[in-house]
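Q: Please take a close look at the sheet of this protein, and set it within the molecule as a whole. I am new to this structure, so a connected account would help me most.

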Amino acid sequence: MATRLFRLLALHPGPDVSRSAATSLTALRPGEARAALTALVRSHLLIEHATGRYTSHDLLRAYADELLYAEESEQGRREALGRLLDHVLRTAQAAVDLLFPHRVERETPPPCRAGSAPEPLTGRESAAAWLTVELPGLLALIERAATCGFPVHAWQLALALELFLDRRGLREEQITVQRVALAAAERHDDRLGRAHLHRTLGFALHRIGVDSEAASHLGSALDLFTALGHSDGQARTLRSLAFLANSRACHQEALEHYAQALAHYRATDDLSRQAGVFNEIGWTHILRGEHHEALAQCTTAVALHQKTGDINGEAAAWDSLGYAHHHLRQHAHALDCYRQALVLFREIGDRALEADTLGHIGDTLHEQGNHTAARSSWGQAAAILAEWGHPDTCQLLKKLRDAAADPP
């Protein structure tokens, strides 16, 4: 039992493996897997470097890989890898559902193999912790799935991680795994996978300013989703196209894309996503300098999000309302809205958007002349993003440097 576990662990390309993943990999019962892992630790073939997490020396990993191909059949290797991929895909989907309810796009995963089960997650904190600690292995498993004949697992796992990677500012990692997963979907002529990955890759490329390639991918996604009759995919792609148009100051084009997206969501009576579009329309009006119209659109978004219980969406709409009030120089109203957003982002543990709102609060406080409080708010935002090495940290640090000589 322990010997087979040792060689099967070579299938996991990450820097370490959890007890739960090892259990699915081997199809052992939890108690049996724990006993096998303990035996390998006692034999110095594994190191339990954190509770329930195991790693080994590179030479031992290479030896395990040799044993894997010498003693395990091709079918045995494939079934074990399939169980591992079932485990990580379903756990990743459950984790992002907990972290970003109403926000995540997903498709039904492949049937789960016997002996595989997702990690039990108890809430948002455990979901965020699991994604954070597992992320290096998840990224490596996308590539392994893509190259070992599991294209659906590859693109669905890449899709599941999209929003988490974006919020953490991991742009290059995002682009790398989306390209890998898209190539796998193309090799297997998986039109649904291609549609999703063209959209996610287009959005990620826009994040780093590669707009011409981004537009090409988004156009391909819209064509594929339209051919598939996939209304939600069409709407999501139209919103990404609107985001791209706004960055090019083509605000009327953005509004046209949003109108089409709204029509899709109205046809399916999806109130939460309608609310999201109203918020994005409001943001577009802010960019056009039409701040009173922005207030109307974002107020509608807040009300709809409250109706559907979408706390994340409601918080984002409050932040947009604050931004509109800020530009109308209604600073007290702006701060009230931002603080509503901050309470909600903290309630659901969305630290990336908490940092974004803290940055906006700092901007309004600074414009009010409350420089000490502004620096404090910017500093809190920078501290959150710096934990992840987020690229937006630099902008906040520049504000802090520029404001260092401001009076209190």
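A: In this predicted model, the protein exposes about 17,400 Å², of which carbon and sulfur atoms supply 53%. Of the 408 residues in the protein, 54% are buried, and among contacts between residues at least 6 apart in sequence, 64% join residues at least 24 apart. The C-alpha trace spans about 70 × 55 × 35 Å along its principal axes. The 41 positive and 50 negative charges of the protein have mean positions that lie 3 Å apart.

The secondary structure that fills this frame comes to 19 helices and three strands. The radius of gyration of the protein is 23 Å, close to the 22 Å that the globule rule gives for 408 residues, so the protein is as compact as a globular protein of that length.

Turning to the sheet itself, the three strands form an open sheet in the order E1-E3-E2, with antiparallel pairing. Strand E1, residues 17–18, and strand E2, residues 47–50, stand at the edges with a single partner strand each, and therefore one side of each is left without a neighbour in the sheet. In general, the strands of a sheet pair through backbone hydrogen bonds, in either a parallel or an antiparallel way. Here, E1 pairs with strand E3, which covers residues 53–55, in the antiparallel sense over two bridges. Within this pairing, Val-17 has Tyr-54 in E3 as its bridge partner.

Conventions
Residues numbered from 1 in each chain as written. Predicted model: local features only at pLDDT ≥ 70, side-chain atom pairs only at ≥ 80, totals over all residues. Heavy atoms only, no water. Helix = DSSP H or I, 4+ residues; strand = E, 2+ residues; numbered from the N terminus. Rg over C-alpha atoms; globule rule 2.2 N^0.38 Å. Buried < 20%, exposed > 50% of the residue type's maximum accessible area, 1.4 Å probe, protein only. Contact = heavy atoms within 4.5 Å. Areas by Shrake-Rupley, 256 points an atom, 1.4 Å probe, with all protein chains shown as cover. Lys, Arg positive; Asp, Glu negative; His and termini not counted. Charge placed at Lys NZ, Arg CZ, Asp CG, Glu CD. Pairing = 2+ DSSP bridges.
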